[in-house]
Amino acid sequence: MKNALEYDEQNIFAKILRGDIPCGKIYEDEHALAFPDIRPQAPVHILVIPKGKYISAADFNARAPAEALTGFYRAVSEVARQAGVEQNGYRLICNTGPDSHQEVPHFHVHILAGGKLGRMLGPPL
Ligand code: 5GP
């Protein structure tokens with residue numbers, strides 16, 4: 001089993017970044033790549049990932065250079081703008097670590113939009 005702090009070069013988003021598997025790219029710049037989630041949970045469900053090798057938001061926010069941080073978060077907004085969801089709004093989700101149910105160990109932000117998403121993801125505890 002991989003050390004949790006070691007980036008897994010075989011994770012699915014690493015393969016997408018290398019071009020080993022297709023993703024249906026909808027946006028790319030020097031800092032970020034965006035593509036539709038394969039199992040959409042809203043009418044619009046886009047994943048935005050940084051180009052660098054970061055396991056989670058905690059890892060990205062701690063280690064990425066300022067230019068990469070700024071470039072990535074600006075790309076998230078640009079993807080939402082280009083998807084046409086800026087006016088009606090959207091939800092950003094970033095699962096980080098085991099309790100969050102993060103499945104893919106390459107930092108990513110989900111953009112969910114395209115209809116009323118409700119107040120929260122599930123009923124209150
Ligand atoms: P997480 O649970 O890690 O926050 O989200 C990972 C997301 O990646 C899930 O919503 C899942 O549907 C999506 N996903 C997993 N494998 C693939 C894939 O091969 N292609 C795409 N486009 N999305 C994937």
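Let's start with one residue: glutamate 28 is partly exposed, with a relative accessible area of 40%. Keep in mind that you're looking at a predicted model. So who does this residue meet? The side chains of glutamate 28 and lysine 51 come together in a salt bridge, 2.8 Å from N to O. Glutamate 28 sits in strand 1 (residues 27–28), while lysine 51 is in the loop between strand 3 (44–50) and helix 2 (57–63), so this pair ties together parts that are 23 residues apart in sequence. Lysine 51 is partly exposed too, at a relative accessible area of 31%.

Now zoom out. How many helices and strands does the protein have? You can find three helices and five strands. Walk along from the N terminus and the elements come in the order α-β-β-β-α-α-β-β. Along its principal axes, the C-alpha trace spans about 40 × 35 × 30 Å. For 125 residues, a compact globule would have a radius of gyration near 14 Å, and this protein agrees because its own value is 14 Å.

What about inside and outside? Of the 125 residues, 38% are buried. The accessible surface comes to about 8000 Å², and 54% of that belongs to carbon and sulfur atoms. The chain also brings together residues from far along its length: take the contacts between residues at least 6 apart in sequence, and 53% of them join residues at least 24 apart.

Back to the charges. The protein has 13 positive and 14 negative ones, and the mean positions of these two sets are 4 Å apart. Counting up the salt bridges gives eight. You've already met the one between glutamate 28 and lysine 51. Another joins arginine 18 to glutamate 9, with the closest N and O atoms 3.8 Å apart. Arginine 18 is partly exposed, with a relative accessible area of 40%, and glutamate 9 is partly exposed as well, at 33%. These two don't stand alone: Glu9, Arg18, Asp20 and Lys53 are linked in a network of salt bridges.

Next, have a look at helix 2. Arginine 63 and aspartate 59 both lie there, four residues apart, which is about one turn of the helix. Their side chains meet in a salt bridge, at 2.6 Å from N to O. Is aspartate 59 buried or exposed? It has a relative accessible area of 16%, and since buried means under 20%, aspartate 59 counts as buried.

For a residue that sits right inside, go to isoleucine 111 in strand 5. At 0% relative accessibility, isoleucine 111 counts as buried. Which residues does isoleucine 111 touch, leaving aside those up to four places away in sequence? Among them are Val44, His45, Ile46 and Val48, along with Val76, Val79 and Ala80, and also Tyr90, Arg91 and Leu92. Alanine 64 makes a useful second marker: its C-alpha atom is 21 Å from that of isoleucine 111, and the two residues are 47 apart along the chain.

One last stop has to do with the backbone. Most residues other than glycine have a negative phi. Histidine 101 isn't a glycine, yet it has a positive phi of about 70°. Where is histidine 101 to be found? Look in the loop between strand 4 (90–93) and strand 5 (109–113). With 57% relative accessibility, histidine 101 counts as exposed.

Key: Residues numbered from 1 in each chain as written. Predicted model: local features only at pLDDT ≥ 70, side-chain atom pairs only at ≥ 80, totals over all residues. Heavy atoms only, no water. Helix = DSSP H or I, 4+ residues; strand = E, 2+ residues; numbered from the N terminus. Rg over C-alpha atoms; globule rule 2.2 N^0.38 Å. Buried < 20%, exposed > 50% of the residue type's maximum accessible area, 1.4 Å probe, protein only. Contact = heavy atoms within 4.5 Å. Areas by Shrake-Rupley, 256 points an atom, 1.4 Å probe, with all protein chains shown as cover. Lys, Arg positive; Asp, Glu negative; His and termini not counted. Charge placed at Lys NZ, Arg CZ, Asp CG, Glu CD. Salt bridge = Lys/Arg side-chain N within 4 Å of Asp/Glu carboxyl O.
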